[in-house]
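Colleague: Could you take me through the aromatic ring pairs in this model, one by one? I would enjoy a close look at that part, with the cut-offs spelled out.

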Amino acid sequence: MAYPQTRLRRLRSHPILRAMVREARLNPDQLILPLFVRHGRHVREPIASLPGHHQFSVDRLVREAAEAARVGVRAVLLFGIPAKKDARASESYAPSGIVQQALRALKDRRLPLAVITDVCLCGYMSHGHCGMVRRQGQRVTIDNDASLDLLARTAVSHAKAGAELVAPSDMMDGRVGAIRQALDQAGFTHLPIMSYAAKYASSFYGPFREAAESAPRFGDRTGYQMDPANAHEALREVALDLEEGADIVMVKPALAYLDVIYRVKRRFGCPVAAYHVSGEHAMVKAAAAKGWLDETKASMEILLAMRRAGADLIITYGAKEAAKFLQP
Ligand code: PBG
């Protein structure tokens, strides 16, 4: 039936009816807050390009996590800044590594939070790449298969320190399978994996690389991260990760890749996470600081768009603010 029998405006003006027919909803259970941890004590170093975010020492990180839990955030995603970087990313799988220390401290506090760890080598490598670098004469390549063992060791050491979900973000082929096998062998058959399945070589990671001190020293990541032009390829990445044992698959970035989120959810029906990355968050912050956008409204609209596209979980630097806003 067409107009005048049909008038779509009928359900729009009454606030209760409008809410009753709302299709996509956002709930604090779906939000994950990224946190950065470094060595030291009483450290709370602001990150200029991520206003409101800091590099914390373990003692301060625990406080920040407690505050996040208090306002309703249910999960945090940990990134570490090591004391020393080397050519084998040693601190990423050392029992005394910064993320391992943070995990133990967070576990001791028994906060009502799930603790997720980013599993990658870039922040721990002297060259800043996500895998082992091999030099063949003039050519420098990232050695995929030699990187898998280091990634698997990192995941197992996070598991031993108390991680409740591990999230490999390196984009090496076969890493989900390698991590699954290593976790199983170490007795962590129940520990789930959230893979950064479709991770693009994006310009929106800028502020993060400042925060994590993980920018590559030479070259870029186009040899392992995906081409922003490709959506079909994202489905192949997701299919492989699921076959290798991923429990949750992630699309990253999120805002410029809503079509990818939509396709992944539709095709696989599995739990999908969206990473609202640092540069996307910074754009809203910067525009709001100039008075060009209403920060809360714009942020909530963006998060809702990700839910509407099909994301079950959203990793966002605005998790605390969103959780506060959503409190009943
Ligand atoms: C590490 C990693 C990156 C992000 C998360 N894990 C950056 C990169 O690939 O350089 C980006 C997150 C963000 O921008 O918020 N591989």
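Modeller: Gladly; here are the ring pairs, then the charges over rings, and a helix to finish.

A word on the basis: this is a predicted model, in which local features need pLDDT of at least 70 and side-chain atom pairs count only at pLDDT 80 or more, while totals for chains, interfaces and linings use all residues. Residues are numbered from 1 along each chain as its sequence is written, and side-chain values use heavy atoms, with hydrogens and water left out.

The structure holds six aromatic pairs. Rings of Phe, Tyr and Trp (its six-membered ring) pair if their centres lie within 6.5 Å; planes under 30 degrees apart count as stacked, over 60 as edge-to-face and the rest as tilted. One of the pairs is F36 with F79, which is stacked, at 5.5 Å centre to centre and 25° between the planes. F36 belongs to strand β1 (residues 31-38) and F79 to strand β4 (residues 75-81), so this pair ties together parts 43 residues apart in sequence. Strands here are DSSP runs of E with at least two residues, and helices are runs of H or I with at least four, numbered from the N terminus. F36 is buried, with a relative accessible area of 1%, and F79 is buried too, at 6%. Buried means under 20% relative accessible area, exposed over 50%, and partly exposed in between (1.4 Å probe, protein chains only). Ring pairs also bring in F208, linking F36, F79 and F208 into a cluster.

Now to the tyrosines. The ring centres of Y275 and Y317 are 6.2 Å apart and their planes lie at 40°, so that pair is tilted. Y275 is in strand β11 (residues 272-276), and Y317 is in the loop between β12 (313-316) and α12 (319-326), so to speak of distant parts of the chain is fair: they are 42 residues apart. Y275 counts as buried at 1% relative accessibility, as does Y317 at 2%.

Y275 has a charged neighbour as well: K252 lies over its face, 4.9 Å from the ring centre. Likewise, the charged end of K199 sits over the ring of Y205, 5.7 Å from its centre. The test is that NZ of Lys or CZ of Arg is within 6 Å of the ring centre and within 35 degrees of the ring normal.

Finally, the helix: 13 of the 18 residues of α5 are buried, so α5 is largely enclosed by the rest of the structure. After α5 comes G162, whose phi is positive, near 115°.
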